[in-house]
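Let's walk through this one together, a question at a time. Keep the viewer open and follow along.

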Amino acid sequence: MDQRSPDPTRRLVLLTAAGLGLAPFAPPAAAAPAAMDEAIRTLVGAATVKRGRVKLELPPIVENGNTVPLTVTVDSPMSEADHVTGIHIFNEKNPQPYVAVFALGPRVGKAAISTRIRLADTQQVVAIARLNDGSFWSDSADVIVTLAACVEG
Amino acid sequence: MARVLINLPARAARGEIIEIKTLIAHPMETGHRLGPTGAAIPRDIINRFLCTYNGEEVFRAELFPAIAANPFITFFTVATESGEIVFSWTDDHGQTQTEVRPITVE
C-alpha cells in the first residue's frame, strides 16, 4: 500500500521530537534532586560540565552506608600548565549535597584521592574536577545501599 | 589527642610520587542523629584537613558530615626534598591536631 502522510508537518513534528529526545543535552546532574543541582550550579556558575577525564569509583552495592570507600582519579599531567585545582564530591539524597572538597595543585603529582563516605540511601554520587584552565569535568556513580547511614541513631 | 595513623614512605627518590594515607580517630557526629532523650546530638565533625611539605601547602580538604567516622584520606605528593610533612585536622570547635612526619629524599 502506498500511503503518503496526509499532512507533511506531522512527520516533521515527530522527527523533531525524536531528535530532541536523543540529543545529548542533559547535564550530568539533570536527574538529581534540586539540592545537589543547586550546589553544582553554585560551583560551576555558567560553565558547562563535561563528562570524562574523571573516574569515580564506588562499589555498586554496599551493605553498610556508614562507610563506603570512594576513589576519584583525574586524568591530568598535574604540571604547572595543566593541573587539577579541586575535586568536589556531591551526593543526591543525604541531608547535605556536599560530601567533600579536595584542593590540590601540581605539588601532588597525581590527581587521585580516596576516602570513606556515608550514604543515607540508594543514590547517585557525582565527582566534579576543576582544572586550572577553568573547565569542569565530571563522573557519576549509582550506589545501591542496603543498610543506610543515620538509621541506627 | 585523637589517635592518628599516617602511612608514608620514610625515604623516597627525588621527584618520586609517593602515596600518603591518613586516618584520625573521630566520631564525625553528623548532627542528624537523635540521642537517648530524643534530642538531636549536636554536630561535631572534623571539617578541615591540611597537609604541608616543608611549609608549603600540598593538599587541603574540606569535609562535611557525609564523611564516615574516623576520616580516612589518601592522596599523593611529589617527594621534592628532605624535610617534614605536617598534617593538621581541625574540628567544629576550632581545635587543631597536628602531626609531623620526617621524610628523607635521596
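Q: What is the order of the six strands in the open sheet?
A: Keep in mind that we're looking at a predicted model. The six strands of this open sheet come from chains A and B, and the pairing is antiparallel. Read across, the order is β2(A)-β4(A)-β7(A)-β6(B)-β3(B)-β1(B).

Q: Which strands stand at the edges of that sheet, and why is one side of each left without a neighbour?
A: Each edge strand has a single partner strand, so one side of each has no neighbour in the sheet. Neighbouring strands here are turned by 15° against each other on average, ignoring direction. The two at the edges are β2 (54-57) of chain A and β1 (4-7) of chain B.

Q: In β4(A), what is the bridge partner of Glu57(A)?
A: Start with the strands: β2(A) pairs with β4 (residues 68-74) of chain A. They pair in the antiparallel sense, over four bridges. Look across from Glu57(A) into β4(A) and you land on Thr71(A).

Q: How many helices and how many strands does chain A have?
A: Read along the sequence, chain A goes α-α-β-β-β-β-β-β-β-β-β. Count up the two kinds of element and you get two helices and nine strands.

Q: And how many helices and strands are there in chain B?
A: From the N terminus on, the elements of chain B run β-β-β-β-β-β-β-β. Its C-alpha trace spans about 60 × 20 × 20 Å along the principal axes. The tally for chain B is zero helices and eight strands.

Q: What share of the residues in chain B is buried?
A: For chain A, buried residues make up 37% of its 153 residues. Chain B has 106 residues, and there the buried share is 27%.

Q: Among contacts with a separation of 6 or more in chain B, what share joins residues 24 or more positions apart?
A: The idea is to ask how far apart in sequence two touching residues sit. In chain A, residues 24 or more positions apart account for 66% of the contacts with a separation of 6 or more. In chain B, that share is 56%.

Q: Which residue in β5(B) stands opposite Phe49(B)?
A: Strand β4 (residues 46-53) of chain B is joined to β5 (residues 56-63) by six bridges, and the two run antiparallel. They form a hairpin with two residues between them, and Asn54(B) in the turn has a positive phi of about 50°. Opposite Phe49(B) in β5(B) you'll find Ala61(B).

Q: What is the bridge partner of Thr52(B) in β7(B)?
A: β4(B) also pairs with β7 (residues 83-91) of chain B, in the antiparallel sense. Seven bridges hold that pairing. Go across from Thr52(B) and the partner is Val86(B).

Q: How many residues does each chain give to the contact between A and B?
A: On chain B's side, the elements that give two or more residues are β5 and β6 (72-78). By class, that side has 18 nonpolar, four polar and four charged residues. The contact takes 26 residues from chain B and 26 residues from chain A.

Q: Which residue in β5(B) is the bridge partner of Phe102(A)?
A: Here a pairing crosses between the chains: β6 (residues 98-103) of chain A pairs with β5(B). The sense is antiparallel, over four bridges. In β5(B), the partner of Phe102(A) is Ala61(B).

Q: Which residues have the most contacts inside the largest nonpolar core?
A: In soluble globular proteins, nonpolar side chains tend to be buried together. The largest such core here has 61 residues, and those with the most contacts inside it are Val72(A), Ile87(A), Ala127(A) and Ile67(B). Its largest share, five residues, comes from strand β8 (residues 123-131) of chain A. So the names to remember are Val72(A), Ile87(A), Ala127(A) and Ile67(B).

Q: Is Ala79(B) buried or exposed?
A: Ala79(B) sits in the loop between β6 and β7 of chain B. Leaving out residues up to four places away in sequence, the residues touching Ala79(B) include Ala12(B), Ile18(B) and Val105(B). With 23 C-beta neighbours inside 10 Å, and 20 being enough to qualify, Ala79(B) counts as buried.

Key. Residues numbered from 1 in each chain as written. Chains lettered and ligands numbered in written order. Predicted model: local features only at pLDDT ≥ 70, side-chain atom pairs only at ≥ 80, totals over all residues. Buried ≥ 20, exposed ≤ 12 C-beta atoms within 10 Å, placed from the backbone. Contact = placed C-beta atoms within 7 Å. Pairing = 2+ DSSP bridges. Nonpolar A, V, L, I, M, F, W, Y, C, P; charged D, E, K, R; others polar. Core = buried A, V, L, I, M, F, W, Y, C linked by C-beta atoms within 7 Å. Axes fitted to C-alpha atoms, helices over the stretch in contact; angles between N-to-C directions.
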